[in-house]
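Student: I should like to work through this model by question and answer. Could each reply give its reasoning before its result?

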Amino acid sequence: MTDLGGLGFRGRADLSAPVDHDDTAHAPTANNALQPMGVVLDVSGAGAIVALDPERLSECAQDTDPAIIASGQVGSQLKIRAGENWLLATIRSQRRDRRGTGGIIAEIDFLGEGREEKLTGRIHGFRRGITRYPVPGGMVFPASTSDLRHIFASDGRSYIEVGTVFPTRDIRAGLYIDTLLGKHFALLGSTGTGKSTATALILHRICEAAPQGHVIMVDPHGEYASAFKENGATLDVSNLKMPYWLMNFEEHCEILLTSRGNERQGDADILAKCLLAARLKNRMAEDLGKITVDSPVPYMLSDLSAALNKEMGELEKASGTAPYMRIKAKLDEVKSDPRYRFLFSGMLVGDTMAEFLSRIFRLPTDGKPICVIDVSGVPSDITSTVVAVLSRLVFDYAVWAREERTRPILLVCEEAHRYVPNEKNFDNSSVGKVLSRIAKEGRKYGVALGLITQRPSDLAEGVLSQCGTIISMRLNNERDQAFVKAAMPEGARGFLDSIPALRNRECIICGEGVTIPIRAAFDTLEEHRRPASEDPSFSALWSESGGEEEAIERVVRRWRSHA
């Protein structure tokens, strides 16, 4: 008999419950799994207050089952009998019983429930949510590895395995592909926690499960080309060849207008009139019948320049030429600057829209479902605009392809806080509007969004709230921690408190992509499939010497040719 007198009652082992024969190899596991370790004191809608017996916690700590060893610790799982069901809960917090009984009072959050198989005692048919609550006085039991194995077992939906569920040694952490992508996801973590490698791991697993997928990765630091050499195509400033005429009017304004305040609206009106005139010069305009300033119809930069000259020549007073001269000067600058050649080149005036979309969307896949778009070489003043164009093309393509057999596309944005900042940092740029629209409406059209960031508190709150699955690695900043906690469901709060204590390559996963919130350790990714994001070793590199003169010559040549 187990003495729980310190908690104000004497509990009895549930000897009528059969032993799970999967665990008979470890007798202590079977016994501890069947012995109560506490009692329910208070019950609320989302959780309960339970009293735990320190002696039983000590007994469980000597067990051979890692799940039972962790029982009673913050973030660990417990099970509670409620009629014929077992409720699974996670411990959010603990404190010593102030009544001096020596007991431990714990707050727990309900995760879900499952039925008990009469012959084996196993939990089966587990589902999220609670239909029947326990009552005060109900027994609390440790959840064994066998229990967790059935709870985390796949329910038949397509899934990928990304790691191991904590605290077990062999239960695999799976993500359901359709809900992970169909309802968007966010991967968060401070610098140095393994965030880039975790991103590469997830994308590799997705492509292994769906080799005909279509993934676009916006890479701001040039890290991911090395990770996807085998199954990805890399586009950068040397081979992107993005036609400038694919930009809509707002994106043209971001690049060609330099004025601010009241002058900007006047400049925008001039640019709109001249841009439409340049587009109308294309013979395609006659076939289409009606085009607008946003229509993706090719035009020549010389025609835009000529339209500006024509409008300027029709002015009655020379004093009104300043807006035209500002636009023309900026147009001449981007035409002559070699850094803009990937976008503003005379070679890009042909109608290559279908070819360009096919290349960046991987249609057909040709064995390389991932397109890494390296924007590290793009001039910083137009990086956001380039990302806006690419993101908008993804969304617009999905909208206009509704009558075709849908080919869903996953858009993954690294450093997402740069592109969809919160209200405090919002600069009214087009990229923020496009990504916000994808977050809100993309799932209707088969566009999935993956946001990767180390500063979730700088991310637009409305966008993060649209992510159905949140994968959080360690976050060191308190503001980031609070922001993520506010965005996660109530049942995950016990896990969230452990975010600052996560080790590298560990994460908390909650939301639609998992059965219940879990803490998991990511698998080790093969070295040749990792991104080039390793931190330099100062001690090793500063102990070497030789070749500095040749290295600096090579750096200067690269610098001058791309700056």
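Student: Is Y397 buried, partly exposed or exposed?
Tutor: Buried means under 20% relative accessible area, exposed over 50%, and partly exposed in between, with a 1.4 Å probe and protein chains only. The relative accessible area of Y397 is 28%, so this residue is partly exposed.

Student: Which atoms are used for side-chain values?
Tutor: The model is predicted, so local features need pLDDT of at least 70 and side-chain atom pairs count only at pLDDT 80 or more, whereas totals for chains, interfaces and linings use all residues. Residues are numbered from 1 along each chain as its sequence is written; side-chain values leave out hydrogens and water and use heavy atoms.

Student: How many aromatic pairs are there?
Tutor: Rings of Phe, Tyr and Trp (its six-membered ring) pair if their centres lie within 6.5 Å; planes under 30 degrees apart count as stacked, over 60 as edge-to-face and the rest as tilted. By this rule, the number of aromatic pairs is eight.

Student: What is the geometry of the pair formed by F361 and Y397?
Tutor: The ring centres of F361 and Y397 are 5.1 Å apart, with 55° between the planes. F361 belongs to helix α12 (residues 353-361) and Y397 to helix α13 (residues 383-400), so DSSP runs of H or I with at least four residues, numbered from the N terminus, cover both. The pair links parts of the chain 36 residues apart, and F361 is buried at 1% relative accessibility. The arrangement of F361 and Y397 is tilted.

Student: Which class of ring pair do F538 and W542 form?
Tutor: Relative accessibility is 51% for F538 and 71% for W542, and both values count as exposed because the limit is over 50%. Their ring centres are 5.1 Å apart and their planes lie at 85°, so the pair is edge-to-face.

Student: How much accessible area does the nonpolar patch of F538, L541 and W542 have together?
Tutor: Patches are made of residues with over 30% relative accessible area and no salt bridge; like charges are joined within 9 Å, and nonpolar side chains (Val, Leu, Ile, Met, Phe, Trp, Tyr) within 5 Å. Areas come from the Shrake-Rupley method with a 1.4 Å probe, only the protein chains shown counting as cover for residues. F538 lies in helix α19 (residues 538-541). The accessible area of this surface patch is about 420 Å².

Student: To which residue in helix α7 is R392 joined by a salt bridge?
Tutor: A salt bridge is a side-chain nitrogen of Lys or Arg within 4 Å of a carboxyl oxygen of Asp or Glu, and the whole structure holds 26 of them. In this case the N to O distance is 2.8 Å. R392 in helix α13 and its partner in helix α7 (residues 249-256) are 141 residues apart, and both are buried. The partner of R392 is E251.

Student: Which residue forms a salt bridge with E506?
Tutor: The N to O distance in this salt bridge is 2.8 Å. E506 is in strand β17 (residues 506-511), and the partner, 13 residues away, is in strand β18 (residues 518-522). E506 is buried at 2% relative accessible area. The partner, whose charged end also sits over the ring of F166, 4.1 Å from its centre (the criterion is NZ of Lys or CZ of Arg within 6 Å of the ring centre and within 35 degrees of the ring normal), is R519.

Student: Why is strand β2 described as largely enclosed, and how many of its residues are buried?
Tutor: Strands are DSSP runs of E with at least two residues, and two strands pair if DSSP finds at least two bridges between them. Strand β2 (residues 47-52) is antiparallel to β1 (residues 38-43) over five bridges and to β5 (residues 104-116) over six. Strand β2 is largely enclosed by the rest of the structure because the number of its six residues that are buried is five.

Student: Which residue of β7 is the bridge partner of V39?
Tutor: Strands β1 and β7 (residues 139-142) run antiparallel and are joined by two bridges. Strand β3 (residues 77-82) is also antiparallel to β7, through three bridges, with K79 opposite F141. The partner of V39 is M139.
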